[in-house]
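Okay, thanks everyone for coming. I'll keep this short and walk through one chain, a piece at a time.

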Amino acid sequence: MRKDNHASTVRMVEIDAGHEGQRLDNFLVRLCKGVPKSHIYKAIRSGQVRIDGRRCQAESRLAEGQTVRIPPMRMADRDPDEWVPGAEFPVVYEDEHMLVIDKPAGVAVHGGSGVSFGVIEQLRAARPQQKFLELAHRLDRDTSGLLILGKRRAALLALHAMMREGRGRKHYYALVEGDWRNDRQHIRLPLLKWTTRSGERRVKVDEDGVQAHTIVTKVQRFGEYSLVDAELRTGRTHQIRVHLASSGFPLVGDDKYGRDETRALFAAQGFGRMFLHARLLEIPHPVSGEPLTLEAPLPSACTELLARLAQQQGEIA
């Protein structure tokens, strides 16, 4: 039987240099051991967690000298059902400073929002000897491809700075609905986060949002569908998905911004995911500065779908 109790007092925690640049949610998960992640995210959303007295978001980055207000939170004994199975994922690159994996679609990068655990928790369980392992960035659950993790604090901070400053090149393959004709197109549309009545996080194009820039290059046309390369020049939440959907070319399989009819059509054919794949990263090594070119091939489900579309297009022609 599960026994709950409450931490009875508000805690004020000052951020030291060791947590500079860390996401707030990751900081709280590590600090508040035994607190269900759903409670942590709820405390953040409700404004009970504050940074220097101000409301914040789960993805807020911490800075040395800031003070985080942590409210009383319900603790819980470890539930056997919450046991995290250790798992390794295909390694694209690894050294003492960083790890780059090829994340499969359908796997969340971290637990929370109804997901008990994700890539980061499974890797930590599989590598108990690894004292430090943190996500350098995020991929949506249904997005496959290159995911970077820091194995040292200095490397992680350098990777975070790299992402914020837009250094390096990040390319994705996306299959969109519609006949994309432009060889190369810049999409510059501001994006604003909002929350549905059910509490689901969404993003929309809005003049009050933050600037976002995606470069889209035509790869192959299949009549009603097109394969494009999307290069992120900024790294906003759901950026590629919203930029393409707002331009009239929603991603195939996108359950938030795509068409339900299209998703159902492809699911009936055995393709039950969103077609978005982080295929290429060209970045300097976070410690040595050495240029790195990292690639992840399209999953077989994606290549098989493209082959079917090409065959159908040939039959029509």
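**Starting at helix H1**

Let's begin with H1, the helix spanning residues 24–31. Its buried residues are Leu 24, Asp 25, Asn 26, Phe 27 and Leu 28. And yes, before anyone asks, this is a predicted model.

What do those buried residues of H1 pack against? There are five partners, if you go through them with me: strand E2 (11–14), helix H2 (37–45), strand E3 (50–51), strand E5 (67–70) and strand E9 (134–135).

Okay, zooming out. The chain has seven helices and 18 strands. The C-alpha atoms fill a box of roughly 70 × 45 × 40 Å along the principal axes. For 317 residues, a compact globule would come out with a radius of gyration near 20 Å, and the chain has 21 Å, so the two agree. As for burial, 47% of the 317 residues count as buried. If you take the contacts with a separation of 6 or more, 65% of them are between residues 24 or more positions apart.

On the surface side, the accessible area is about 15,800 Å², and carbon and sulfur atoms own 48% of that. For the electrostatics people: we have 48 positive and 41 negative side chains, with the centres of the two sets 4 Å apart.

Now two residues I'd like you to click on. Number one is Arg 202, in strand E14, residues 201–205. Is Arg 202 buried or exposed? Its relative accessible area is 18%, and the cut-off for buried is under 20%, so Arg 202 counts as buried. A polar atom of its side chain sits 3.5 Å from the backbone oxygen of Lys 256. Lys 256 also turns up in the contact list of Arg 202, along with Leu 192, Lys 193, Trp 194, Thr 196 and Tyr 257, leaving aside neighbours within four places in sequence.

Number two is Leu 276, which is in strand E17, residues 276–284. This one is buried, with a relative accessible area of 4%. What does Leu 276 touch, not counting residues up to four places away in sequence? The list runs Asp 142, Thr 143, Ser 144, then Tyr 172, Tyr 173, Ala 174, then Ile 240, Arg 241 and Leu 251.

And one distance to try in your viewer: Leu 276 to Arg 69, which is 207 residues away along the chain. Their C-alpha atoms are separated by 37 Å.

That's my tour, happy to take questions.

Technical notes: Residues numbered from 1 in each chain as written. Predicted model: local features only at pLDDT ≥ 70, side-chain atom pairs only at ≥ 80, totals over all residues. Heavy atoms only, no water. Helix = DSSP H or I, 4+ residues; strand = E, 2+ residues; numbered from the N terminus. Rg over C-alpha atoms; globule rule 2.2 N^0.38 Å. Buried < 20%, exposed > 50% of the residue type's maximum accessible area, 1.4 Å probe, protein only. Contact = heavy atoms within 4.5 Å. Areas by Shrake-Rupley, 256 points an atom, 1.4 Å probe, with all protein chains shown as cover. Lys, Arg positive; Asp, Glu negative; His and termini not counted. Charge placed at Lys NZ, Arg CZ, Asp CG, Glu CD. Polar contact = N/O pair within 3.5 Å; in protein donor to acceptor, adjacent residues only side chain to side chain.
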